[in-house]
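Colleague: I would like to go through the labels used for this model and hear the reasoning behind each. Can we start?

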Amino acid sequence: YMSELYEQQNDYANAFKYEKLANIYRDSLYNQKSNDRIAVLQSIFDDEKEQVERTKQQELKDTQIRRREDIILASSIVAILLAVLTLLLWKNNQEKAKSNQLLTEQKQEIENQNRNTKASILYAQRIQQAILPQEKDYLDYFKDNFLLYKPKDIVSGDFHWVYAINNPKSIYYGQIIVAVADCTGHGVPGGFMSMIGNDLLDKIVIEREIYEPAAILEVLNIA
């Protein structure tokens, strides 16, 4: 170094001068290296900071994307559920409408059958009333009489029957046979039985001329 050379020559002024210059140069080099190192560290820090910022931004973007996807997925599921529920309600309403229509048709059919049945029963009642003796028929045989006939149903299983014996050869000539019968059953079945009983009495008494009560009951029981 120059400072050492001047020092050997005992030129201390120049030696001090060049030593000072050498120190300045060394300080400059050190400062330059420090600045370069600081610049490098600052660059690394800035890069890392930028990378962290980019990572945060990407994570935020990914979070927003996932949130949007979750919202879309949830909305799709809700829409599908609503569609399925709407379809089920529509199908249920269709089935109810069909059931109501079927019930209405069945009700109409039952009402028609009931009307037809009632009409048939009323017709059977008219037939039964035409067959049974009327109160005026009893007036021909009994001066003081009354007829009380109150069926439980439209058609009755009970019937009454009267006949005046008009065969001069019979010992019972001029006598009156009156029958009051209670047939098994009531309503339509009992009505059929009453008409059968009335017809059997006609055949036994009028056609076969059986007049004794015991004989009439015996033949009626056999028939």
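Modeller: Start with glutamate 50, in what is a predicted model. Glutamate 50 has a relative accessibility of 43%.

Colleague: Why is glutamate 50 called partly exposed?

Modeller: Buried means under 20% and exposed means over 50%. The 43% of glutamate 50 lies in between, so glutamate 50 counts as partly exposed.

Colleague: What makes the meeting of arginine 54 and glutamate 50 a salt bridge?

Modeller: The cut-off is 4 Å between a side-chain nitrogen of Lys or Arg and a carboxyl oxygen of Asp or Glu. Arginine 54 and glutamate 50 have an N to O distance of 2.8 Å, so the pair qualifies. Both residues lie in helix 2, four residues apart, about one turn of the helix. Arginine 54 is partly exposed too, at 41%.

Colleague: How do you know that aspartate 199 forms a salt bridge with lysine 203?

Modeller: The closest N and O atoms of aspartate 199 and lysine 203 are 3.6 Å apart, which is within 4 Å, so the pair counts. This pair lies in helix 4.

Colleague: Why is lysine 136 called exposed?

Modeller: The relative accessible area of lysine 136 is 55%, and exposed means over 50%, so the label applies. Lysine 136 forms a salt bridge with aspartate 137.

Colleague: What makes helix 4 oblique to helix 5?

Modeller: Their axes come within 10 Å and cross at roughly 130 degrees. That angle is not over 145, as roughly antiparallel would need, and falls outside 65 to 115, the perpendicular range, so helix 4 is oblique to helix 5.

Notes:
Residues numbered from 1 in each chain as written. Predicted model: local features only at pLDDT ≥ 70, side-chain atom pairs only at ≥ 80, totals over all residues. Heavy atoms only, no water. Axes fitted to C-alpha atoms, helices over the stretch in contact; angles between N-to-C directions. Helix = DSSP H or I, 4+ residues; strand = E, 2+ residues; numbered from the N terminus. Parallel < 35°, antiparallel > 145°, perpendicular 65-115°, else oblique. Buried < 20%, exposed > 50% of the residue type's maximum accessible area, 1.4 Å probe, protein only.
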